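Please open the model in your viewer and keep the sequence panel visible beside it. This tour tells you what to select at each stop and what you will find there.

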Amino acid sequence: MEVAFLGLGSMGKAMAERLLTQGFALRVHNRTRTKEKSLVARGARPFATPRECVRGADVVVTMLSDADAVWSVLEGKDGALVTFAAEKRKPRAVLVDMSTIGREEACAIAKAVEASGARFVDAPVSGSVAPAADGKLLALVGGTMKSVERALPVLEALCRKILHAGPPGQGQALKVVLNGMGAHHLVALTSMLALGERAGLARDVVIDAFTSGAFATPSYVGKRAKLLAEDYTPEFSLALALKDVKLAAQLQDDVGLELPVARAVVREIEAGVREGLGGLDLFALEKRYRSRT
Ligand SMILES: NC(=O)c1ccc[n+]([C@@H]2O[C@H](COP(=O)([O-])OP(=O)(O)OC[C@H]3O[C@@H](n4cnc5c(N)ncnc54)[C@H](OP(=O)(O)O)[C@@H]3O)[C@@H](O)[C@H]2O)c1
């Protein structure tokens with residue numbers, strides 16, 4: 001099976017490497033071309049444009065920052081849609097967008113992709129760089145059964161579990177509510193860590209309690225070493241977390257459900273990004289609370 005992979009950032013690179021180790025023939029493209037190098041050394045074929053990269057591919061995976069980035073690899077004279085349209089008479093390729101972009105944009109992209117003759121599946125993932133490298137992600141999938149079936153070999157190579165949430169866009173809806181819960185956890189952990197330290201508790205003792213007590217979750221436990229070392233090298237940046245909580249706010253607007261605490265979570269993360277923490281790992285939000293009087 002020939003797979004084209006567009007977007008070799010923190011997650012995309014780890015996922016593309018995983019597909020190579022699982023024996024897929026891989027075509028790759030990244031806006032910043034230097035990021036293709038390590039994959040090419042391991043057997044992937046690099047292409048200068050998305051249009052060339054997706055040619056003849058059975059499955060096309062996109063793993064990009066946001067909806068604008070996904071549109072930018074699809075549209076225009078060098079975009080993937082040109083190739084999908086040109087290959088219309090061949091068996092239809094499936095585009096699996098694994099970026100987190102929200103339901104509204106996923107539905108619009110699904111329309112554009114289907115109109116070009118290819119199939120569309122939204123499959124945003126839960127899990128960070130290490131699970132991506134090990135094929136242990138959780139995929140939250142939206143799409144018709146037929147499209148999802150075509151994407152399955154690739155999804156199964158990348159994921160420990162695949163949840164089919166419904167038609168196109170519903171994978172994104174599930175991802176948005178799941179990440180919304182994670183954002184509440186983030187604000188809870190970072191603010192309570194600051195409170196504990198301000199109350200004179202040793203940092204390692206508080207972190208030990210948080211990562212071994214009744215409220216320990218994989219998202220805290222996985223950050224334990226980084227939190228202890230105050231290492232904020234981004235695995236998932238606070239700026240991306242802001243994008244995700246805004247998607248949750250948008251979903252609230254779309255369905256007419258107002259959740260005040262979720263709105264407060266958006267304001268907290270927004271303030272952290274304004275204070276210059278956006279490029280750091282999301283747990284750097286604790287700096288906002290530490291510096292407060
Ligand atoms: N990191 C995580 O732990 C994690 C976990 C689950 C889901 N996600 C989601 O997965 C997606 C990717 O996250 P990431 O952490 O891999 O992000 P990242 O490291 O910032 O990588 C972003 C990728 O998008 C590309 N890109 C951005 N804007 C573009 C544009 N206008 N045109 C073309 N390419 C563009 C970047 O290209 P350049 O290299 O040229 O900048 C890069 O390949 C996001 O939607 C994120 O929310 C991330």
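**Stop 1: a pair of helices**

Begin by selecting α13 (238–255) together with helix α14 (residues 260–277), which pack at an angle of about 150° with their axes 9 Å apart. Axes here are lines fitted to C-alpha atoms, for helices over the stretch in contact, and angles run from 0 to 180 degrees between N-to-C directions. Because of that angle, α13 is roughly antiparallel to α14; in this scheme angles under 35 degrees count as roughly parallel, over 145 as roughly antiparallel, 65 to 115 as roughly perpendicular and the rest as oblique. Helices, as named throughout this tour, are DSSP runs (H or I, at least four residues), numbered from the N terminus.

Before you colour anything, note that this is a predicted model, in which local features need pLDDT of at least 70, side-chain atom pairs count only at pLDDT 80 or more, and totals for chains, interfaces and linings use all residues. Residues are numbered from 1 along each chain as its sequence is written, and side-chain values use heavy atoms, with hydrogens and water left out.

Now turn the view so that one helix lies in front of the other: α13 passes α14 in a left-handed crossing, a crossing being left-handed if the near helix is turned anticlockwise from the far one by less than a right angle, and right-handed if clockwise. To see the contact (heavy atoms within 4.5 Å), show the side chains of residues including L238, L242, V245 and A249 on α13 and V265, V266, I269 and V273 on α14. By class, the contact has 12 nonpolar, two polar and four charged residues, where Ala, Val, Leu, Ile, Met, Phe, Trp, Tyr, Cys and Pro count as nonpolar, Asp, Glu, Lys and Arg as charged, and the others, Gly among them, as polar.

**Stop 2: one residue inside that contact**

Stay on helix α13 and select V245. Is V245 buried or exposed? With a relative accessibility of 5%, V245 counts as buried, given that buried means under 20% relative accessible area, exposed over 50%, and partly exposed in between (1.4 Å probe, protein chains only). Leaving aside residues up to four places away in sequence, V245 touches A183, V265, V266 and I269. If you also select A106, which is 139 residues from V245 along the chain, you will find the two C-alpha atoms separated by 16 Å.

**Stop 3: salt bridges**

How many salt bridges does a search of the whole structure find? The search finds 21, each being a side-chain nitrogen of Lys or Arg within 4 Å of a carboxyl oxygen of Asp or Glu.

Select D78 and R51, whose closest N and O atoms are 3.1 Å apart in a salt bridge. This pair links distant parts of the chain, for D78 sits in the loop between α4 (67–74) and α5 (80–86), while R51 belongs to helix α3 (residues 50–53), 27 residues apart. D78 is partly exposed, with a relative accessible area of 25%, and R51 is also partly exposed, at 24%.

Move next to R224 and D208, which meet in a salt bridge of 3.2 Å, N to O. Here R224 of helix α12 (residues 224–229) is linked to D208 of helix α10 (residues 203–212), 16 residues apart.

Then select E235 and K223, a salt bridge with its closest N and O atoms 3.0 Å apart. E235 lies in the loop between α12 and α13, and K223 in the loop between α11 (218–221) and α12. E235 counts as partly exposed at 33% relative accessibility, whereas K223 counts as buried at 10%. Now add E197, R203, E230, E286 and R290, which are joined into one network by salt bridges that share partners.

**Stop 4: two members of the network**

Within that selection, centre on E286 in helix α15 (residues 286–290). At 0% relative accessibility, E286 counts as buried, and residues touching E286 include T190, L193, L227 and Y232, not counting residues up to four places away in sequence.

Then go to E230, in the loop between α12 and α13. E230 counts as partly exposed, at 36% relative accessibility, and its phi is near 50°, a positive value in a residue other than glycine.

**Stop 5: an exposed leucine**

Finish at L195 in helix α9 (residues 170–198), which counts as exposed at 52% relative accessibility. Select S291 as well: L195 and S291 are 96 residues apart in sequence and 11 Å apart in space, C-alpha to C-alpha.

Notes: Helix = DSSP H or I, 4+ residues; strand = E, 2+ residues; numbered from the N terminus.
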